[in-house]
Amino acid sequence: MDKVWFEILINALGLIGIIAGILALQCNKHIQVLAFKMAEEGIFGVQYILLGGITGGLLNIVGVLRNLLFAYLGKKDNQKMLKISRIGFAILLAGIGFLSWDGYISLLVIFAKVLSTIAYGTTNVKKMRLMLCVTITCWICYGIYVGSVTSILNDSANLLSVLVAIFRYDILPSIRKNK
């Protein structure tokens, strides 16, 4: 594949991932957030691998499986299994991160993925959004490192989106309630 078509493919994947990511963070239900996040993480997992970011790619692909399980367990309201699954996925993600070690930048995405595992494993969307502010910032740094312009744009849009969601769903209702 020549360089122009490769760039078009990379950017097309990124654009689709951006849309999924923005939609995810404007949802106020756990299962909806996870559905869009599965699409986003799968797309960016493929993109990172194509760009040579193996650690980020593998962690995102495992994140898709994690979110699928968390969506199922959250729907069943099985808090005990969610807790066990969070621990299991955190260990799995850390192990994959260290096995695909790409220098100290790998620590950033390992931390981000473990924290997002805790975030997505909670059915409290307010707590989830707060933790995602931290993880999204880590992924912006990783996107800069691997040179994924669409990933940087996606995560910047996601950060803005989560901040808007925090305002809409967490701050604004409190203000209205206190009037």
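These notebook entries record what I looked up in a predicted model.

**Entry 1: salt bridges**

I began with pairs of side chains of opposite charge. Such side chains can pair when their charged atoms come close. I applied a cut-off of 4 Å between a side-chain nitrogen of Lys or Arg and a carboxyl oxygen of Asp or Glu. By this rule I found four salt bridges, and I looked up three of them in detail.

The pair I examined at the start was Glu-40 with Lys-37, whose closest N and O atoms are 2.5 Å apart. I noted that both residues belong to helix H2, which covers residues 30-50. They stand three residues apart, about one turn of the helix. I then asked whether each partner is buried or exposed. Glu-40 has a relative accessibility of 4%, so I entered it as buried. Lys-37 also counts as buried, because its relative accessibility is 4%.

**Entry 2: a network around Glu-41**

Next I turned to Glu-41. Its side chain meets that of Arg-66 in a salt bridge, with an N to O distance of 3.1 Å. Because Arg-66 lies in helix H3 (residues 54-75) and Glu-41 in helix H2, this pair ties together parts that are 25 residues apart in sequence. I recorded a relative accessible area of 0% for Arg-66, which is therefore buried. For Glu-41 the value is 6%, so this residue is buried as well.

Glu-41 has a further partner: a salt bridge joins its side chain to that of Lys-113, at 2.7 Å from N to O. Lys-113 lies in helix H5 (residues 105-120) and Glu-41 in helix H2, so here the parts tied together are 72 residues apart in sequence. I noted that both members of this pair, Glu-41 and Lys-113, are buried. What do Glu-41, Arg-66 and Lys-113 form when taken together? I wrote down that they are linked in a network of salt bridges.

**Entry 3: helix H5 beside helix H3**

Since Arg-66 lies in H3 and Lys-113 in H5, I looked up how these two helices are placed. Their axes come within 11 Å and cross at roughly 5°. This angle means that H3 is roughly parallel to H5, because angles under 35 degrees count as roughly parallel.

I then listed the residues that meet. On the H3 side they include Thr-55, Leu-59, Asn-60 and Gly-63, and Arg-66 is also among them. On the H5 side they include Ser-106, Val-109 and Ile-110, together with Lys-113. Arg-66 and Lys-113, both noted above for the network, thus also appear in the contact of H3 with H5. By class, I counted five nonpolar, seven polar and two charged residues in this contact.

**Entry 4: helix H5 beside helix H4**

I also examined H5 against H4, which spans residues 79-99. The axes of H4 and H5 come within 9 Å, and the crossing angle is roughly 165°. This makes H4 roughly antiparallel to H5, because angles over 145 degrees count as roughly antiparallel. The crossing of H4 past H5 is right-handed.

From H4, the residues in this contact include Arg-86, Phe-89, Ala-90 and Leu-93. They meet residues of H5, among them Leu-107, Ile-110, Lys-113 and Val-114. The contact of H4 with H5 divides into nine nonpolar, three polar and two charged residues.

**Entry 5: three single residues**

I closed with three residues looked up one at a time.

Ser-85 is placed in helix H4. With 9% relative accessibility, Ser-85 counts as buried. Which residues does Ser-85 contact, leaving aside its neighbours within four places in sequence? I found Leu-69, Phe-70 and Leu-73.

Gly-56 is in helix H3. I entered Gly-56 as buried because its relative accessible area is 0%. Not counting residues up to four places away in sequence, Gly-56 touches Tyr-48, Trp-139 and Tyr-142. I also compared Gly-56 with Gly-143: the two are 87 residues apart in sequence and 9.2 Å apart in space, C-alpha to C-alpha.

Asp-170 belongs to helix H7, residues 149-177. Its relative accessible area is 11%, so Asp-170 is buried. Asp-170 touches Lys-126, Arg-129 and Ala-165, again without residues up to four places away in sequence. Asp-170 and Ile-8 are 162 residues apart in sequence, and their C-alpha atoms are 38 Å apart in space.

Technical notes
Residues are numbered from 1 along each chain as its sequence is written. This is a predicted model: local features need pLDDT of at least 70, side-chain atom pairs count only at pLDDT 80 or more; totals for chains, interfaces and linings use all residues. Side-chain values use heavy atoms; hydrogens and water are left out. Helices (H or I, at least four residues) and strands (E, at least two) are DSSP runs, numbered from the N terminus. Buried means under 20% relative accessible area, exposed over 50%, partly exposed in between (1.4 Å probe, protein chains only). Contact means heavy atoms within 4.5 Å. Axes are lines fitted to C-alpha atoms, for helices over the stretch in contact, and angles run from 0 to 180 degrees between N-to-C directions. Angles under 35 degrees count as roughly parallel, over 145 as roughly antiparallel, 65 to 115 as roughly perpendicular and the rest as oblique. A crossing is left-handed if the near helix is turned anticlockwise from the far one by less than a right angle, and right-handed if clockwise. Ala, Val, Leu, Ile, Met, Phe, Trp, Tyr, Cys and Pro count as nonpolar, Asp, Glu, Lys and Arg as charged, and the others, Gly among them, as polar.
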